Amino acid sequence: MGTTYSIRLADSPLDRGALRRLQGDVDAALAEVNRQMSTWDPGSEISRFNRAGANEPVAISPDFQLVVRRALEIAEATGGAFDPTVGALVNLWGFGPDGLRRAPPTPDQIAAARAVIGWRHLRLLPDGRLEKDIADLKLDLGAIAKGFGVDRVAALLRERGIENFLVEIGGETLGVGRNDQGEPWRVGVLKPDGSADLQGVARLTDGRAIATSGDYRNFYRDENGELRAHIVDPRTAAPVGHAVASVSVLADDCLTADALATALFVLGPEEGLPLFAAQFPGVEALFLLRRENGRFEEVATPGFAGAAGYAP
Ligand code: AMP
Ligand code: MG
C-alpha cells in the first residue's frame with residue numbers, strides 16, 4: 001500500500017511467542033491484501049484485471065469482491081464522486097504507475113482518459129467474477145484498500161481474543177475497547193498544512209474508525225505553480241481544487257470511513273453534508289477549510305463533536 005502500519009495493544013492475553021506469531025499473521029494478511037488489490041504489483045489480481053480485455057470476466061478473491069461491492073455502492077451513493085475506476089485520470093495527473101509530471105495534460109489526453117473511466121462500466125457478476133465493458137478501464141482501490149486492511153487486521157486481533165487495541169494504516173485508524181489508561185483511544189486530527197501540529201483530537205469508542213483525506217500530503221506544484229493533489233473529481237476529470245484542505249470521517253468500519261473521506265473531499269461541504277442523514281446514518285464528518293493567514297475553518301456534521309468527543 002506504499003505506507004506504514006502500526007498496532008497498539010493496551011493489554012493482551014498473549015505471551016511473547018503468540019505475539020510474535022500474531023505479528024507474522026498480520027504481515028501475511030496485509031501482504032494478501034496487496035496480492036489482491038495493489039496496482040503497484042504487476043502480479044496482483046487487480047493488475048491482471050486491469051490488463052484483461054472488455055467483457056472477459058476475471059476470477060477474483062472473496063475479499064477483493066467485498067471491497068469492489070462496497071466501492072460500487074459508495075460510488076452510487078455519492079453520485080460518482082467516489083469512483084474506483086479513476087485510475088487512468090490519476091495516472092494522467094501524475095499519481096499513478098507512470099509517475100509525476102510537471103506539465104498539465106492536454107485536453108486531448110484528458111478526453112482520452114475520460115473515455116475509459118466510469119464505475120458503471122464495471123460489473124461484479126453473481127458468480128463473483130469481475131468484468132468491464134471497456135478494455136482500457138483501470139480499477140484503482142487506493143481510496144478504500146487501506147481502510148479495508150485496517151478492518152482485516154482488526155478482525156484478526158479480535159479472533160485472537162485481544163479486546164483493547166488501535167490499528168492504523170497510513171493514518172486510517174480503528175480503535176477497539178480502551179487505551180492503557182482505561183479511556184477511549186484518542187486520535188489526533190492533523191492541521192492540514194503539512195506540519196505535525198494538531199487541529200484537534202477525536203476519541204474512538206465502540207470500535208469505530210476514523211479516516212482522513214486531503215491535499216496536504218500527496219501533492220506537487222506543476223510548472224505554473226498550481227497545486228496538484230492525488231484525488232481527482234471524476235466529474236471534471238481534474239484534481240480537486242477548492243477550499244477543502246482535509247476531511248475526516250468517523251464510521252463503524254474503516255473501509256467506509258476511508259472511501260467516504262475521499263468522496264467527501266471531492267464533494268466539499270455544500271454537496272457532501274446534505275448526503276449524510278439520508279445515505280450514511282451513523283457516519284460523521286469534519287471538513288477543514290482553508291482560510292486566510294493559514295487558518296482553518298471547521299465545518300462538521302452535527303454529531304461529529306458528540307460521537308468523536310472531538311475538541312479543537
Ligand atoms: P485517499 O488517500 O484514501 O483519499 O485515496 C486517494 C487515492 O484514491 C488516490 O491516490 C487515487 O489512487 C484514488 N482516487 C483519486 N480520486 C478518486 C476518486 N474520486 N474516487 C476514488 N478513488 C480516487
Ligand atoms: Mg480514502
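Here's a quick briefing on a magnesium site and on the helix that links it to a helix-helix contact. Keep in mind that this is a predicted model. The thread running through both topics is helix H7, residues 254-272: Asp-258 and Thr-262 lie in it, and helix H3 (residues 62-77) crosses it.

**The magnesium site**

- The magnesium ion (ligand 2) gets its protein donors from Ala-143 (O), Asp-258 (O and OD) and Thr-262 (OG1), at 2.0 to 2.5 Å.
- Asp-258 shows up with both its O and its OD atoms in that donor list.
- Along the chain, the donors are spaced as A-x114-D-x3-T.
- Asp-258 and Thr-262 sit four residues apart in H7, which is about one turn of the helix.

**Burial of the H7 donors**

- Asp-258 has a relative accessibility of just 2%, so it counts as buried, the cut-off being under 20%.
- Thr-262 comes out at 11% relative accessible area, so it's buried too.

**How H3 packs on H7**

- The axes of H3 and H7 come within 11 Å and cross at roughly 45°.
- That angle falls outside the parallel, antiparallel and perpendicular ranges, so the two helices are oblique to each other.
- The crossing of H3 and H7 is right-handed.
- On the H3 side, the residues in contact are Leu-66, Val-67, Arg-70 and Ile-74; on the H7 side, they're Leu-255, Thr-256, Ala-259 and Leu-260.
- Sorted by class, that contact has six nonpolar residues, one polar and one charged.

Definitions and conventions
Residues are numbered from 1 along each chain as its sequence is written. Chains are lettered from A and ligands numbered from 1 in the order in which they are written. This is a predicted model: local features need pLDDT of at least 70, side-chain atom pairs count only at pLDDT 80 or more; totals for chains, interfaces and linings use all residues. Side-chain values use heavy atoms; hydrogens and water are left out. Donors are N, O and S atoms within 2.8 Å of the metal (3.2 Å for Na, K and Ca); water is not among the atoms, so sites may look incomplete. Buried means under 20% relative accessible area, exposed over 50%, partly exposed in between (1.4 Å probe, protein chains only). Axes are lines fitted to C-alpha atoms, for helices over the stretch in contact, and angles run from 0 to 180 degrees between N-to-C directions. Angles under 35 degrees count as roughly parallel, over 145 as roughly antiparallel, 65 to 115 as roughly perpendicular and the rest as oblique. A crossing is left-handed if the near helix is turned anticlockwise from the far one by less than a right angle, and right-handed if clockwise. Contact means heavy atoms within 4.5 Å. Ala, Val, Leu, Ile, Met, Phe, Trp, Tyr, Cys and Pro count as nonpolar, Asp, Glu, Lys and Arg as charged, and the others, Gly among them, as polar.
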